[in-house]
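Me: Please take a close look at the salt bridges here. I'd like the cut-offs spelled out as you go, and a word on the main pocket at the end.

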Amino acid sequence: MTILDGRKTSNDIKNEIQAEVDKMKADGEKVPHLAAVIVGNDGASLTYVGSKVRACERVGFESTMVRMSNTTSEIELLDKIEELNNDDNIDGFIIQLPLPPQINTQKVLMAVHPDKDVDGFHPTNFGKMALDMSTFIPATPFGILELLDRYGVETKGKHTVVIGRSHIVGRPMSILMGRKGFPGNSTVTLTHSHTKNITQITSQADIIISALGVPMFLKAEMVKDDAVIIDVGITRVPDDSEKGYYITGDVDFENVSKKASFITPVPGGVGPMTIAMLLKNTLLAREQHRLNK
């Protein structure tokens, strides 16, 4: 069994990006600039955005954190997005979710210009991805593809089962694993909360990508020998420890890992890859803006 080590792989990718940024600086070129917009004081969101800002520093990007209060109106946020869309100094930006209830999330994500949508959430970019065109791939699916690629996990002709159909992970993953090329060319089954006989389906899978958000959902009896297991879930489960919780994924790692050929740990698997690929998308955006001048 091989651990798909997201920490190590994301570090390798950051080193590669840093080398490209160093070259840009040496050539007198503008370095990539990522902005993050955060509305309100959600603790998890602040932590996540903070780690994105530190990752930018690590690779030599410029970064801007735009903090707006919990009472920000939809109009105010849309005005800020328009300002970022028109700021040539910023190559890409993200809107940290969740947003407060007075703001329509869909409307806000639609307002981000597709050329700066490094999260890959805009329908224009999602549509291009579905049509196999060059575009920004959402960072988590992009990270999963990169792990499969760098570890040489065979996907051609394999049966991939995706658990969960979110717009951020499950649905794009189901499209990407079925596309031509590597990683891809697999036969994909997309399962969700209404799927019947899910154990019957997962036990036939060569590759399982679980993005359900239900702790320890995938048990050893649901998995065949030598399956490849990608665990996207990450949940804080309360316990009696000093921290008051432990972190686990969708997969019963201890038992499933005994049957798997490759598996991602939680934490340290898909999570670190997400930030690395966000940086990669920002680098691609910078390159695109340079070419379009």
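Reply: Here is a walk through the salt bridges, followed by the pocket.

Happy to help! A note on the basis first: this is a predicted model, in which local features need pLDDT of at least 70 and side-chain atom pairs count only at pLDDT 80 or more, while totals for chains, interfaces and linings use all residues. Residues are numbered from 1 along each chain as its sequence is written, and side-chain values use heavy atoms, with hydrogens and water left out.

There are 11 salt bridges in the structure (a salt bridge being a side-chain nitrogen of Lys or Arg within 4 Å of a carboxyl oxygen of Asp or Glu). Let's start with the one between Glu16 and Arg150, whose side chains meet at 2.9 Å, N to O. Glu16 belongs to helix α1 and Arg150 to helix α6, so this pair ties together parts that are 134 residues apart in sequence. Helices (H or I, at least four residues) and strands (E, at least two) are DSSP runs, numbered from the N terminus. Glu16 is partly exposed at 36% relative accessible area, and Arg150 is also listed as partly exposed, at 36%. The cut-offs here are under 20% relative accessible area for buried, over 50% for exposed and partly exposed in between, with a 1.4 Å probe and protein chains only.

Another pair is Asp91 and Lys30, whose closest N and O atoms are 2.9 Å apart. Asp91 sits in the loop between α3 (74-85) and β4 (92-95), and Lys30 in the loop between α1 and β2 (33-39), so the bridge ties together parts 61 residues apart in sequence. Asp91 is buried, with a relative accessible area of 0%, whereas Lys30 is partly exposed at 25%.

A third example is Asp206 with Lys224, where the closest N and O atoms are 2.8 Å apart. It links distant parts of the chain, 18 residues apart: Asp206 in the loop between α8 and β7 (207-210), and Lys224 in the loop between β7 and β8 (228-231). Lys224 counts as partly exposed, at 31% relative accessibility. Some bridges share partners, and in this way Glu16, Glu146 and Arg150 are joined into one network.

Now the pocket. The largest one holds about 1,600 Å³ of space. On a 1 Å grid over the protein atoms alone, a pocket is an open set of points where a 1.4 Å probe fits, with protein on both sides within 12 Å along at least five of seven lines, and lining residues have an atom within 4 Å of a point. Points are joined across faces, edges and corners, and the volume is the space filled by probe spheres set on them.

Its lining has 46 residues, with Tyr48, Val232, Ile234, Gly271 and Thr274 nearest the centre. Elements that each supply at least two lining residues include α1 (6-26) and α6, and these helices hold Glu16 and Arg150 respectively. The most comes from α2, with 8 residues. By type, the lining divides into 24 nonpolar, 15 polar and 7 charged residues, where Ala, Val, Leu, Ile, Met, Phe, Trp, Tyr, Cys and Pro count as nonpolar, Asp, Glu, Lys and Arg as charged, and the others, Gly among them, as polar.
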